[in-house]
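Student: I've got a structure to look at and I'm not sure where to begin. Can we go through it together?

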Amino acid sequence: MKPVLSQPPHVDWLTGVFSRTPLLRKTTRLADLHGVFADFSGWQHADPQQIVYDVEMLDTPSGSGELFTGVTHLHPGKVGDEYFMTRGHFHALREQGEVYFGLRGDGLLLLQDEQGAMRLEPVFAGSVHIIPGYTAHRLINTGTEILSALAVWSSTAGHDYAALAGGFAWRVVEDDRQVQVREVQNG
């Protein structure tokens with residue numbers, strides 16, 4: 001029997017672009033992020049078609065024991081003084097963790113556990129982030145170029161956005177040209 005050599009998918013570690021594989025793509029625009037930004041008036045007056053982030057995922061099987069792999073490309077920008085960010089979520093199966101690998105750009109990973117304990121980790125090319133189970137997570141682009149991060153997670157983890165309907169307890173904003181963190185009441 002002759003061994004079969006199959007070509008795996010390829011990711012460009014400088015840009016986060018996949019090749020040699022079928023992909024699933026999703027674009028999230030400002031219009032899709034109702035209630036995410038603290039400045040509701042600023043959100044209402046912004047271009048609703050403005051792209052905030054794109055996600056590209058390998059088209060792989062789902063089910064017990066399977067993994068999803070995807071890259072989030074988070075654009076630079078702000079609504080009011082608050083930096084562009086992903087919606088953020090817990091996993092539906094709370095015990096499921098996730099791993100992020102920073103590919104390009106500069107930003108932050110905001111983590112909040114079920115008891116409300118918070119922490120931030122800087123995201124940059126080469127950074128590695130172990131997101132434990134029972135922890136909500138959100139990417140925030142504090143830079144001037146696209147922030148790209150590769151993620152690997154269980155295909156059965158799911159997303160629970162409703163648990164964060166009031167938002168995270170911290171907001172990341174620009175104040176006097178500096179990145180600042182504000183605690184909010186609705187988090």
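**Chain and His75**

Tutor: Let's start with the whole chain: its secondary structure comes to one helix and 15 strands, where helices (H or I, at least four residues) and strands (E, at least two) are DSSP runs numbered from the N terminus. This is a predicted model, where local features need pLDDT of at least 70, side-chain atom pairs count only at pLDDT 80 or more, and totals for chains, interfaces and linings use all residues. Residues are numbered from 1 along each chain as its sequence is written, and side-chain values use heavy atoms, with hydrogens and water left out.

Student: Where does His75 lie?

Tutor: Look at two strands, β5 (67-74) and β6 (78-79). His75 sits in the loop between β5 and β6.

Student: Is His75 buried or exposed?

Tutor: Buried means under 20% relative accessible area, exposed over 50%, and partly exposed in between (1.4 Å probe, protein chains only). His75 has 18% relative accessibility, so His75 counts as buried.

Student: Which side chain makes a polar contact with the side chain of His75?

Tutor: A polar contact is a pair of N or O atoms within 3.5 Å; within protein, one must be able to donate a hydrogen and the other to accept it, and residues adjacent in sequence count only if both atoms are side-chain atoms. For His75 the pair is at 3.2 Å, and the partner is Asp54.

Student: What share of the 187 residues in the chain is buried?

Tutor: Use the cut-off that we applied to His75, now for the chain. Buried residues make up 42%.
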